[in-house]
Amino acid sequence: MRRTGALLVLVALGAAAEAPSDAAVELSQLRESAREALSTSCGRCHDRTRSTARPAALRIFDLHERDWSARVTDVQMDHMVERFEGFRMPQADRVAVTRFLDAERASRAALATPPVDAAAAR
Ligand code: HEC
């Protein structure tokens with residue numbers, strides 16, 4: 001059960017450092033679901049443990065990496081969605097990946113936005 005393993009790691013990390021926020025935990029869970037969904041349609045090129053993996057594809061994202069989406073740019077996230085059709089990704093998998101991408105975009109936007117106090121002080 002890969003998902004259980006990932007959750008245990010999260011719990012262990014949370015106990016070792018400060019407890020992660022609910023939003024951070026939810027984002028990690030969505031990222032894991034997206035990893036599983038992408039594995040079926042995209043993993044043969046975007047997972048370095050597969051013999052068919054392509055170096056150029058791994059540079060964009062490698063599903064074997066713990067934080068597989070870390071290097072994916074905002075523009076590339078849009079391109080991921082555009083590739084669902086070409087690789088005939090099952091509908092349920094599209095939903096899982098789209099949910100993660102929406103949460104990841106929101107998280108990046110929140111991190112890029114200065115706190116309300118700082119904005120008001122200008
Ligand atoms: C047959 C191999 C293969 C499969 C399967 C594959 N990719 Fe890729 N992908 C590549 C290669 C090679 C590159 C780098 C060259 C390029 O940009 O096309 C790449 C690049 C990308 C990029 C970055 C380029 C861009 O347009 O921004 C994205 C995003 C991407 N893939 C998403 C996906 C998604 C999502 C899937 C599954 C639905 C998928 N790929 C399945 C081989 C593959």
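How much area does the protein chain expose, and what share of it do carbon and sulfur atoms supply? The protein chain exposes about 8100 Å², and carbon and sulfur atoms supply 58% of it (accessible areas by the Shrake-Rupley method with a 1.4 Å probe).

Before we go on, keep in mind that this is a predicted model, where local features need pLDDT of at least 70, side-chain atom pairs count only at pLDDT 80 or more, and totals for chains, interfaces and linings use all residues. Residues are numbered from 1 along each chain as its sequence is written, and side-chain values use heavy atoms, with hydrogens and water left out.

The protein chain has 6 helices and 0 strands (DSSP runs of H or I with at least four residues, or of E with at least two, numbered from the N terminus). Of its 122 residues, 29% count as buried, meaning under 20% relative accessible area with a 1.4 Å probe, protein chains only.

Now to the ligand. Its iron atom has a single protein donor, NE2 of His-46, 2.1 Å away (donors are N, O and S atoms within 2.8 Å of the metal, or 3.2 Å for Na, K and Ca; water is not among the atoms, so sites may look incomplete). His-46 belongs to helix H2, residues 22–46.

Here are polar contacts to the ligand, that is, pairs of N or O atoms within 3.5 Å:

| Side chain | Ligand atom | Distance |
|---|---|---|
| His-46 | nitrogen | 3.0 Å |
| His-79 | oxygen | 2.5 Å |
| Arg-83 | oxygen | 3.0 Å |

The elements giving two or more residues to the shell around the ligand are H2, helix H3 (55–60) and helix H4 (74–86). H2 gives the most, with 5 residues.

Key. Buried < 20%, exposed > 50% of the residue type's maximum accessible area, 1.4 Å probe, protein only. Polar contact = N/O pair within 3.5 Å; in protein donor to acceptor, adjacent residues only side chain to side chain.
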